[in-house]
Amino acid sequence: MSSLALTLSDTLVLARRNLMRIPRQPDLLIAYTIQPVMFVLLFVYVFGGAIDSGPFDYVDFLMPGIIVQSIAFGGFVTALGLSEDVQKGLIDRFRSLPMSRAAVLTGRTFSDVVLNCLSLVVLFAVGFAAGFGFIDATAGEIVLGIVLLLLLGYAFSWIFALVGLFSSTPETANSIGFTLIFPLTFASSVFVPASTMPDGLRQFAEANPFTTVSDAMRSLWLGTPAHTDVWMSFVWCFVLIAVFAPLAVARYRRVAAK
Amino acid sequence: MTDDAIVVEGLEKSYGSVRALRGVDFAARTGSVLGLLGPNGAGKTTAVRILATLLEADGGSARVAGLDVKRDAAALRAKIGLAGQYAAVDENLTGTENLEMVGQLYHMSRADARARAQDLLERFELTDASKRPAKTYSGGMRRRLDLAAALVFRPPVLFLDEPTTGLDPRSRLALWETIEGRVAAGTTVLLTTQYLDEADRLADRIVVIDHGGVIAEGTSDELKAQIGGERLDVVLEDAGEAERAVSALAEMCIEGPSVEGRTVSAPVHTHTGMIAEAVRRLDAAGVGIDDISLHRPTLDDVFIALTGHAAAVEPSGELPVVEEVSA
């Protein structure tokens, strides 16, 4: 087999392993299914009535944003899993095998894509049940939105891979994720329009890639003006991958060579 | 020498200012067991990690199965198996799934990986537990699964890093028998341990390392011979007869017997009939004895003689434990 074919085969073996683990970790399964459902229900029914979402029903405004947030955090399982593999010595086992060196990371990020597809199904189901509907969206725009979401999830998987490799335990990975990255999703147009925020925060939110992607999703699914958001979102995703994938690979080499 | 499956020359490795290995040499003949013996932090794990291509040495060279650990690392990985003190198995996968995954990562076909997994699970008496996640396994079962994972591809060279640390005596014995079975089948084994009885039982040759350097090397018997042969212990009925016993035994001892309470001890040259001779001499001198025994030195004695401290005890001011995974 060529080295590319080997990398692909190893990636699939490890992705399959990552996915087999999920149903046996009830806490993770909850994170992927019940948690997004809770978020949707809380925001729609608890905060929704008090939030001014302009011309839209709040559920319509919220769903593109909350899906962006959920999918971005889909890669979190990679941070947990990698730090656990390092802690438990499985990384040593993998590195002593005649397998592709990249596969531990590519296997992780690939299985995240599969999990994100599962999350999307759950989110769409609860969204439609809560009254969400596409507005002025062609089939092409809906699909392009899904592609953008999965690409965003993939980019964040590499960020979380780096987080996981910098964490000595899954608990550390957990606190890095929720103190550094989680607040970013709130200081954006994910849950409320950035225009309602005070000066300073508003400028920050407008520069926040979460705002760019959320606005891009709304232009694709709700027919709001796109400006530059859609293609800028793709640029953001590729930039994040281009920066964080090499960083994660470099960190993996160092961690594994201890 | 081509007969050596493992050849290590002048191996050096530092972690910052800590010199984990300071120029280590050793070799293991193909089909033999080399025991790497030393206390925590001696450099054993560092040596194994370098040989298993997990870590690059700062200096020196090492060849395993005829391949350079640095230049030919990728090819070498198909010829080695690694099992360690961590029992690196995926806790959320079953025994079968763990072994099948490893087989597929060795690029065996799915069917081959499955057949090999079943075979190994049976051999390691894990068939009953094969469909349970490994997190439900006992410590001994995990070690067996870890060792099975190292054997999936029938590697000619096996690295076992403290394979029985933390195991109960029964599991240890079972693991020893398995290792002996692999060696009988022609596998070369590098075994690190801080248990002297383990090295004594399994290793054809023993390299003793401490503070990153080799301080002794040889067979178990050679190492014991280095600190003198056997010792005769005689327990007297009456401590007052010690002086008479010492003069009666003096002729057959290498150096003058020492007396402690009712016990007279002395190093002796081993020969058949020695105990009978000692009994005759004491009897002729009219000395009554409660007990008489020949004491063969253990590797513990060797270790204390060589290093000034016992093997399993970490002396104060010791290097940090290099087994640590993360920074």
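## Chain B and its contact with chain A

Helix α10 (residues 274–284) of chain B lies across the strands β11, β13 and β14 of chain B, and its direction makes an angle of about 150° with β14(B). This arrangement belongs to a predicted model, and the description below begins with the sheet beneath that helix before turning to the rest of chain B.

### The sheet and the helices across it

The sheet in question is an open one of four strands in chain B, which follow one another in the order β12-β13-β11-β14 with antiparallel pairing. Because β12 (258–260) and β14 (289–295) of chain B each have a single partner strand, they stand at the edges, and one side of each is left without a neighbour in the sheet. From one strand to the next, the twist averages 20°.

Strand β11 (residues 230–236) of chain B runs antiparallel to β14(B), and six bridges join the two. One of the residue pairs involved is Arg231(B) with His295(B), the latter being the bridge partner in β14(B). A further helix, α9 (residues 242–249) of chain B, lies across β11, β12 and β13 (263–268) of chain B, and runs at about 15° to β13(B).

### Chain B as a whole

Chain B contains eleven helices and 14 strands. Its C-alpha atoms fill a box of roughly 80 × 45 × 40 Å when this is taken along the principal axes, and of its 327 residues 43% count as buried. Among the contacts in chain B with a separation of 6 or more, 68% are accounted for by residues 24 or more positions apart.

The chain is divided into domain 1, which takes in 4–79 + 155–225, and domain 2, which covers 229–296. Taken over C-alpha atoms, the centres of domain 1 of chain B and domain 2 of chain B are separated by 40 Å.

### The hairpin of β1 and β2

Strand β1 (residues 4–15) of chain B pairs with β2(B) in the antiparallel sense over nine bridges, and within this pairing Val7(B) has Ala27(B) as its bridge partner in β2(B). The two strands form a hairpin with two residues between them, in which Gly16(B) takes a positive phi near 60°.

Arg29(B) is found in strand β2 (residues 18–29) of chain B. With 15 other C-beta atoms within 10 Å, Arg29(B) is partly exposed. When residues up to four places away in sequence are not counted, Arg29(B) touches Asp3(B), Asp4(B) and Ala5(B). The C-alpha atoms of Arg29(B) and Lys224(B), which are 195 residues apart along the chain, are separated by 21 Å.

### Positive phi angles in two loops

Two residues of chain B, Glu125(B) and His211(B), have a positive phi although neither is a glycine. Glu125(B) is found in the loop between α4 (110–123) and α5 (139–151) of chain B, whereas the place of His211(B) is in the loop between β9 (205–210) and β10 (213–218) of chain B. The table sets out their angles and surroundings.

| Residue | Phi | Other C-beta atoms within 10 Å | Exposure |
|---|---|---|---|
| Glu125(B) | about 55° | 12 C-beta atoms | exposed |
| His211(B) | about 50° | 18 C-beta atoms | partly exposed |

The different labels follow from the cut-offs, because a residue counts as exposed if 12 or fewer other C-beta atoms lie within 10 Å of its own, and as buried if there are 20 or more. Glu125(B), with 12, is therefore exposed, while His211(B), with 18, is partly exposed.

### Where chain B touches chain A

In the model, 27 residues of chain B are in contact with 23 residues of chain A. On the side of chain B that touches chain A, β6 (80–83) and α3 (95–105) of chain B each supply at least two residues, and the largest share, five residues, comes from α3(B). The residues of this side divide into 18 nonpolar, five polar and four charged.

As for the partner chain, the mean pLDDT of chain A is 90, and 98% of its residues reach 70 or more. Among the elements of chain A, the lowest mean pLDDT, 81, belongs to helix α2 (residues 26–32) of chain A, and the highest, 94, to helix α8 (residues 139–166) of chain A.

Notes. Residues numbered from 1 in each chain as written. Chains lettered and ligands numbered in written order. Predicted model: local features only at pLDDT ≥ 70, side-chain atom pairs only at ≥ 80, totals over all residues. Contact = placed C-beta atoms within 7 Å. Nonpolar A, V, L, I, M, F, W, Y, C, P; charged D, E, K, R; others polar. Pairing = 2+ DSSP bridges. Axes fitted to C-alpha atoms, helices over the stretch in contact; angles between N-to-C directions. pLDDT = per-residue confidence, 0-100. Domains from an automatic or database assignment.
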